[in-house]
Amino acid sequence: METQTIGKQEVNEVEAVAAKSFEEVSGSVALLEALIVEGVDTIFGYPGGAIMPIYDALYDYHEKLTHILVRHEQGGIHAGQGYARTSGKVGVVFATSGPGATNLVTGLADAQIDSTPLVCITGQVFAHLLGTDAFQETDVINITTPVTKWNYQVTDANEIPEVLAKAFYIAKTGRPGPVLIDITKNAQIQKFKYKGYTPCNHIRSYRPKPIVRPQYIQQAADLINQAKKPFIIWGQGVILGSAEAEFKAFVEKSGIPAAWTILGAGAIPTNHPLNVGMLGMHGNYGPNVLTNECDVLIAIGMRFDDRVTGRLDKYARQAKVIHLDIDPAEIDKNVKTTVPVWGDCKETLPLLTELVEQKVLTEWHNLFKDYTQKEVDAVIQKELNPETGEMTMGEVVKILNDITDGEAVIVTDVGQHQMVACRYAKLNKTRSNVTSGGLGTMGFALPAAIGAKYGTPDREVVAIIGDGGFQMTCQELGTIMQNNVDVKIIILNNRFLGMVRQWQELFNERRYSFVDIESPDFVALAAAYRIPGKRVDEREELATSLKHMLATKGPYLLEVMVTKENNVFPMVPQGCSVSEIRLK
Amino acid sequence: MSKENSKVSPSGGDLEGAIGKQEFNITVYTENQIGLLNRIAIIFTRRKINIDSLNTSPSEIESIHRFNIVITESEDVVRKLCRQIEKQVEVLKVYYHTNQDVIWQEMALYKVSTDVIAEKVSVERLLRENGARAVVIRKDYTVFETTGHREETDNLIAILQPYGLIEFVRSARVAIIKDSDGFNSKLREFERLEPGEDVIENEYLNKGDKVFTM
């Protein structure tokens with residue numbers, strides 16, 4: 001305060017402020033106030049008995065908080081994930097007790113394994129009914145403990161501001177993750193003296209960022225500078241840490257070829273000259289084979305998932321491994337690290353960039369180019385440019401690339417179409433790739449696309465979904481209809497659960513066990529939801545249909561009948577080393 | 001997670017993961033929070049690892065709890081488990097030690113029939129030889145108590161069994177770390193916004209030369 005003496009009027013004002021800030025509010029109002037201070041604009045949810053007081057309070061907040069009524073809580077949480085992935089903000093989800101809460105579990109597990117920041121609020125029965133098998137009571141805290149970064153049950157409204165502050169802090173800091181707050185109905189109703197909301201910035205038992213230690217950065221730089229065949233592999237950590245610029249600077253200065261995990265896609269553009277492609281089971285040929293030839297492997301914000309490493313005891317054994325990660329538990333978890341670089345890569349990468357020498361690794365890059373050419377000849381050419389026969393998934397993605405020029409957000413489900421889309425989609429911008437990586441949740445894409453659109457309303461959002469996965473959450477067409485959500489849906493229909501079929505073909509002697517799936521008339525289904533659509537059977541219609549879809553205002557569903565028994569290649573068969581990747 | 005002067009050799013390769021199982025004492029300092037026991041327990045159960053012994057009680061510092069967990073595993077596995085435990089939001093610090101690095105005790109209670117024991121046994125000798133004491137002596141039964149390692153508490157079971165041991169119970173293990181300055185000073189570091197070296201997560205490179213070679 002500037003004035004030394006406080007006038008009487010000022011004192012009155014201070015008192016008035018004090019009195020106002022101690023006003024009695026309900027737990028529900030305190031919750032919504034917390035969301036507003038945290039910058040939340042959109043909530044995905046579904047009401048029910050035990051969360052009614054919060055929904056009653058929400059009635060008066062509809063101008064400040066957009067609530068999207070989903071058709072199933074799983075849809076709600078996937079939408080929250082999509083929102084978080086494109087916006088970089090915390091996704092917020094409401095669900096009621098019992099079945100409402102249990103329907104969140106798949107999404108929580110998905111968000112936990114893919115490090116997506118979420119705050120889920122579940123209603124719970126009155127505190128005095130806990131443990132009585134009351135109507136719609138489930139032990140949500142214990143059910144969700146393995147699949148949340150943190151969870152907490154609120155039974156007293158006084159706890160709400162502090163608990164919400166912790167929830168947001170925990171969800172978005174360090175390695176992000178889902179947080180679930182279970183609030184008993186009495187706490188939602190209870191009035192208490194509200195002292196305002198203060199965001200949290202410290203929890204004594206929680207260290208979101210490990211201390212950056214210069215000695216290891218120096219050691220890492222020394223290794224890189226001595227390397228003849230260094231190789232960068234990056235993951236979603238670069239995106240989660242908003243370190244795209246720092247990462248690009250590091251890659252460009254060091255001149256090292258860089259490949260991405262599925263969730264790292266787009267952190268630097270697809271067509272960046274140093275971006276050598278995708279890692280993993282259906283990744284590109286060169287990045288997989290040359291993982292076992294590099295001398296220094298620099299892993300940045302990735303966790304050596306088994307779909308990336310293949311057989312672990314034959315993974316990069318020749319290489320010195322530098323691992324940059326914010327989560328200390330990831331260091332040495334799967335792959336032994338030579339130099340660990342703990343910390344937020346937004347902080348560690350610039351330090352490393354400063355120490356690495358500028359290099360031109362022509363021979364090494366040429367090796368990648370050779371492998372790329374082999375892959376183009378054996379796989380890519382015929383996948384993207386088939387001239388006869390039925391349509392392929394790859395050609396749909398290729399034409400989409402041509403039309404959107406890589407500016408769209410691509411949301412994918414799980415299976416063959418996901419691998420094809422991630423392999424071939426052109427991504428110019430970060431946060432353009434939304435998919436269920438770690439958990440492989442079929443049914444993810446449609447609701448996630450809804451959230452993705454709310455997370456980045458100005459961008460085109462295209463969901464690419466298989467005929468199987470679409471039917472897992474197609475009720476969310478209702479959400480799209482009611483809110484006129486501008487998402488474009490492409491169903492790549494091969495009339496099979498294609499990925500399982502591919503495995504049955506390759507490893508189970510074509511014993512096609514329950515992978516033959518019939519579908520409804522998807523275009524008619526969309527029409528029932530008043531969503532325009534079209535089915536494409538012939539190649540000649542494909543480009544114009546895609547153009548028409550993208551030119552249409554509002555939602556649109558395009559079903560493309562693709563060849564039935566196409567396989568995704570290259571492929572690292574399970575139990576094989578990355579260097580044993582197959583081209584056919 | 002820290003390993004303080006553990007006498008096992010640092011893990012050098014993947015092979016070691018499969019062999020060299022031994023008892024490890026995991027010490028966990030946590031906030032006092034409902035549900036945290038479950039959160040820690042599932043880290044073991046998820047990997048189908050049996051917890052041999054688990055003790056939790058308030059530590060010497062108000063509001064902070066201390067877990068003593070005993071498992072039989074290789075050091076490689078234990079180190080990974082400890083990192084997963086330390087990753088939990090409400091866990092302050094995790095240490096692991098071999099049995100050589102801790103002083104540990106378990107307490108046991110034995111209920112026997114007073115008549116039988118008084119008639120047939122030289123109680124005074126029994127108590128002295130086993131470092132036991134009588135906690136309760138009633139007409140109908142007597143309760144002895146002894147504290148020690150597993151073999152010692154087991155030994156008294158064997159001695160009392162022929163005289164109609166009615167009931168027996170043994171506590172979880174409590175263990176004190178031989179080479180530890182305690183947690184009091186470290187806690188102050190945790191309460192700071194910018195922590196010092198003491199609270200660096202997952203410090204295992206304090207003898208960095210073992211890991212890093214050019």
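**Notebook: a two-chain model**

**Entry 1, chain A overall.** I started by counting secondary structure, and chain A has 24 helices and 20 strands. A reminder to myself before going on: this is a predicted model. I then looked up the overall dimensions, and the C-alpha trace of chain A spans about 80 × 60 × 45 Å along its principal axes. Is that what a compact globule would give for the radius of gyration? With 584 residues I'd expect a value near 25 Å, and chain A has 25 Å, so the two agree. I also checked burial, and 57% of the 584 residues of chain A count as buried. For contacts with a separation of 6 or more, 78% in chain A come from residues 24 or more positions apart.

**Entry 2, domains of chain A.** Where do the domain bounds of chain A fall? I noted domain 1 at 21-193, domain 2 at 222-367 and domain 3 at 390-562. I took domain 1 and domain 2 of chain A as a pair, and their centres are separated by 36 Å over C-alpha atoms. Across that pair, six residues of domain 1 of chain A are in contact with six residues of domain 2 of chain A. I sorted the domain 1 side by class and got one nonpolar, three polar and two charged residues.

**Entry 3, the cores.** Next I went after the nonpolar cores. The largest one has 179 residues, and A:Val119, A:Ile181, A:Val411 and A:Ala463 are those with the most contacts inside it. Which helix gives the most to this core? I found helix α8 of chain A, residues 160-172, with eight residues. I picked A:Val411 for a closer look and left out residues up to four places away in sequence. Its list of touching residues includes A:Gly82, A:Val434, A:Thr435, A:Ala445, A:Val461 and A:Ala463. So A:Ala463 turns up twice in my notes, among the residues with the most contacts in the largest core and as a neighbour of A:Val411. There is also a second, separate core of 22 residues, and I noted B:Phe24, B:Ile26, B:Tyr29 and B:Ile85 among its members. A general point for the margin: in soluble globular proteins, nonpolar side chains tend to be buried together.

**Entry 4, helix α22 of chain A.** I wanted one helix in detail, and I chose α22, residues 498-507 of chain A. Which of its residues are buried? They are A:Gly498, A:Met499, A:Arg501 and A:Gln502. These four cover an arc of only 160° around the axis, so they sit on the same side of α22(A). I then asked what covers them, and the answer includes α18 (416-424) and β17 (461-466) of chain A. After α22(A) comes A:Glu509, and I noted its positive phi, near 50°.

**Entry 5, chain B and where it meets chain A.** Chain B comes to seven helices and nine strands. Its domain 1 is written in two pieces, 15-101 and 182-199, and its domain 2 is 104-170. I get 33 Å between the centres of domain 1 of chain B and domain 2 of chain B, over C-alpha atoms. Buried residues make up 31% of the 214 in chain B. In chain B, residues 24 or more positions apart account for 76% of the contacts with a separation of 6 or more. Last, I looked up how the chains touch: 24 residues of chain A are in contact with 24 residues of chain B. On the chain A side these divide into twelve nonpolar, six polar and six charged residues.

Methods: Residues are numbered from 1 along each chain as its sequence is written. Chains are lettered from A and ligands numbered from 1 in the order in which they are written. This is a predicted model: local features need pLDDT of at least 70, side-chain atom pairs count only at pLDDT 80 or more; totals for chains, interfaces and linings use all residues. Domain bounds come from an automatic or database domain assignment. Two residues are in contact if their C-beta atoms, placed from the backbone, lie within 7 Å. Ala, Val, Leu, Ile, Met, Phe, Trp, Tyr, Cys and Pro count as nonpolar, Asp, Glu, Lys and Arg as charged, and the others, Gly among them, as polar. Helices (H or I, at least four residues) and strands (E, at least two) are DSSP runs, numbered from the N terminus. The radius of gyration is taken over C-alpha atoms; the globule rule is 2.2 Å times the number of residues to the power 0.38. A residue is buried if 20 or more other C-beta atoms lie within 10 Å of its own, exposed if 12 or fewer, and partly exposed in between; C-beta atoms are placed from the backbone. The arc is that of the directions from the helix axis to the C-beta atoms. A nonpolar core is a set of buried Ala, Val, Leu, Ile, Met, Phe, Trp, Tyr and Cys residues joined through C-beta atoms within 7 Å.
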